[in-house]
Amino acid sequence: MRLPLTIRIGHFISIDHLILGIALPRYIQRKGSGADSDIIPFTMRSWEQVERGFASGDINAAFMDIAQAMYLFNKGSEISMLMFTHRAGSRVIMAKQIQKLADLKGKSVLIPHRLSIQHMLVHRLLSAGDLKIAGSGKLGEGVEIESVPFALMPEMASSDLDGDIAAFICPAPFGDAEVEKKGFKHLLLSRDLWKEHPGSVFVVHQDLLVTKREDLALMVSCLIYSARELDRYMSSSPETAENSIERISASFLGLSAEQIRRALNTSGITYCPKLLAPDIEILNIVLDYMRTTMKVMPIEADLNGFVRPEFIDTVLSEL
């Protein structure tokens, strides 16, 4: 077996994955010479691309949606979860003409992937409003749920001449410009649907647990340090905010410092280190809902060997 020489991490340019952008400089500093070629981040544009990357071997680690990660593991992918990357953080963005949930009848809501926590949250929202998913009722009475990559959602919604797209759910900074300029509004935060819900998780190919164990331990340590710094930044005033956090965040997300602070403070996201530890009870809640209520997961699912909490448990015990 050829041993992997690098940890190649797939991720999105979003606040959900911001701790990676903050952690990389610290990892390089602590690892020393050659560290910049040891960890290689890959920007992804869709959850499908993440899945293909693992299948092809282009990446051997990723910040991946928890539902997709559990599905791939159950399907036979040799991946393990080390930690959550954040809790909450998505926004439901809706066309201004939509005044109540009933107005969604006969229209579409965009989600990033059928196996995503955002799909689960939208399903819970529609169910709370006693709305049917398209296909379960008469034509025109249901709500169509359409999978679209985050990066394409704002463009599709703003160029929707027929007005069929009523809403989409995404993390910051996706959608910010459209909310301000194109006739959309923030309806609610994902934490309003499920407080401190899971989002993405840091998963690695199981080969790395042996060949890159020390590097993974250092990376998790850097991620937890970054999470703590981001939490502090979000609770500070602009006058006392750390310039290094703003500088690295701006570089990672391609936003100004003002846009960074607004995106973080209006998203409801939290990086609280203790909440980033794997929680099997939460994983089972997601799994059960998507398996029994939504029926988008396999009937039989075994997570034995999926969760590897020892890396983050070690770090948290030292805080």
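The legends below describe close-up views of one predicted model.

Residues are numbered from 1 along each chain as its sequence is written. Local features need a pLDDT of at least 70 and side-chain atom pairs count only at pLDDT 80 or more, while totals for chains, interfaces and linings use all residues; side-chain values use heavy atoms, with hydrogens and water left out.

**View 1. Helix H3 (residues 66-74) and its surroundings.** Helices (H or I, at least four residues) and strands (E, at least two) are DSSP runs, numbered from the N terminus. Of the 9 residues of H3, 7 are buried, so the helix is largely enclosed by the rest of the structure. Buried means under 20% relative accessible area, exposed over 50%, and partly exposed in between (1.4 Å probe, protein chains only). The buried residues are Ile66, Ala67, Gln68, Ala69, Met70, Leu72 and Phe73. Their cover includes helices H2 (47-56) and H12 (280-293), together with strands S3 (61-65), S4 (79-84) and S10 (200-205). At the start of H3, a side-chain oxygen of aspartate 65 comes to within 2.8 Å of the backbone nitrogen of alanine 67. Glycine 76, which follows H3, has a positive phi, near 115°.

**View 2. Salt bridges around lysine 212.** A salt bridge is a side-chain nitrogen of Lys or Arg within 4 Å of a carboxyl oxygen of Asp or Glu. By this rule the count comes to 9. One of them joins lysine 212 to aspartate 38, with the closest N and O atoms 2.9 Å apart. This pair links distant parts of the chain, 174 residues apart: lysine 212 lies in the loop between helix H8 (208-211) and helix H9 (213-235), and aspartate 38 in the loop between helix H1 (18-31) and strand S2 (39-43). Lysine 212 has a relative accessibility of 12%, so it counts as buried. Aspartate 38 is also buried, at 6%. Aspartate 215 forms a salt bridge with lysine 212 as well, at 3.5 Å between the closest N and O atoms. Lys31, Asp38, Lys212 and Asp215 are linked in a network of salt bridges.

**View 3. The salt bridge between glutamate 310 and arginine 213.** The two side chains meet at 3.4 Å, N to O. Glutamate 310 is in helix H13 (residues 310-317) and arginine 213 is in helix H9, so far along the chain that 97 residues separate them. Glutamate 310 is partly exposed, with a relative accessible area of 26%. Arginine 213 also counts as partly exposed, at 35%.

**View 4. Strand S1 (residues 7-11) and its partners.** In S1, 5 of the 5 residues are buried, so the strand is largely enclosed by the rest of the structure. Ile7, Ile9 and His11 are buried on one side, and Arg8 and Gly10 on the other. In a regular strand the side chains alternate between the two faces of the sheet. Two strands pair if DSSP finds at least two bridges between them. S1 pairs with S2 in the parallel sense over 5 bridges, and 2 bridges join S1 to S3, also parallel. Isoleucine 9 has proline 41 as its bridge partner in S2 and alanine 61 in S3.

**View 5. An open sheet of 5 strands.** The order is S7-S6-S8-S5-S9, and the pairing is mixed. The edge strands, S7 (144-147) and S9 (184-189), each pair on one side only. Strand S6 (residues 108-111) runs parallel to S7, with 4 bridges between them. In this pair, serine 108 stands opposite glutamate 144 in S7.

Notes:
Contact = heavy atoms within 4.5 Å. Polar contact = N/O pair within 3.5 Å; in protein donor to acceptor, adjacent residues only side chain to side chain.
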